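Welcome, and thanks for taking a look. Please open the sequence and the 3D view below, and then we can walk through the fold, the pockets and the ring contacts together.

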Amino acid sequence: MAATRWEYARASAFEELRALGEQGWELVGVTADGAEETFYLKRPFPSIREELTLAQRERALAAAAKEAGR
């Protein structure tokens, strides 16, 4: 079994965390420099199969929205 690959992100505002969480990001650390906080996040990097599936889903939803708008 292959090791999980991760992608990483940073956020500087607490308000961003909800949206990032909904996108699958997991908070793994917080640092503070005075009043400024930095939030560190990670999520599994999608496999090529998952990437293709997501791209196909997006195309299908875009096509359905276009059909509904006619």
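## Terms and overall fold

Helices and strands here are DSSP runs, numbered from the N terminus: a helix is H or I with at least four residues, and a strand is E with at least two. Please keep in mind that this is a predicted model.

With that in place, the protein has two helices and three strands. Followed along the sequence, they come in the pattern β-α-β-β-α.

## Overall dimensions

The radius of gyration of the protein is 17 Å, whereas a compact globule of 70 residues would have one near 11 Å. The C-alpha trace spans about 55 × 40 × 10 Å along its principal axes.

## The β2-β3 hairpin

Strand β2 covers residues 26-33 and runs antiparallel to β3, with seven bridges joining the two. One residue pair to look at is G29, whose bridge partner in β3 is Y40.

The two strands form a hairpin with two residues between them. In that turn, G34 has a positive phi of about 70°.

## The largest pocket

Let us turn to the open spaces. The largest pocket holds about 210 Å³ of space. It is lined by 10 residues, and those closest to the pocket centre are A3, T4, R5, F45 and S47. By residue class, the lining of the largest pocket has six nonpolar, two polar and two charged members.

## The second largest pocket

The second largest pocket has a volume of about 170 Å³. Its lining is made up of E7, R43, P44, F45, P46, E50, E51 and L54. These residues divide into four nonpolar and four charged, with no polar ones.

Which elements each supply at least two residues of this lining? They are β3 (36-44) and α2 (48-68). Of the elements, α2 gives the most to the lining of the second largest pocket, with three residues.

F45 is worth selecting in your viewer: this residue is among those closest to the centre of the largest pocket, and F45 also appears in the lining of the second largest pocket.

## Ring contacts

How many aromatic pairs does a search of the whole structure find? The search finds one.

There is also a contact between a charge and a ring to look at. The charged end of K42 sits over the ring of W6, at 3.9 Å from the ring centre. For a charge to count as sitting over a ring, the Lys NZ or Arg CZ must be within 6 Å of the ring centre and within 35 degrees of the ring normal.

Note on methods
Residues numbered from 1 in each chain as written. Predicted model: local features only at pLDDT ≥ 70, side-chain atom pairs only at ≥ 80, totals over all residues. Heavy atoms only, no water. Phe/Tyr/Trp six-rings, centres within 6.5 Å; stacked < 30°, edge-to-face > 60°. 1 Å grid on protein atoms, 1.4 Å probe; cavity = no way out; pocket = protein on both sides within 12 Å on 5 of 7 lines; lining within 4 Å. Points joined across faces, edges and corners; volume = space filled by probe spheres on them. Nonpolar A, V, L, I, M, F, W, Y, C, P; charged D, E, K, R; others polar. Pairing = 2+ DSSP bridges. Rg over C-alpha atoms; globule rule 2.2 N^0.38 Å.
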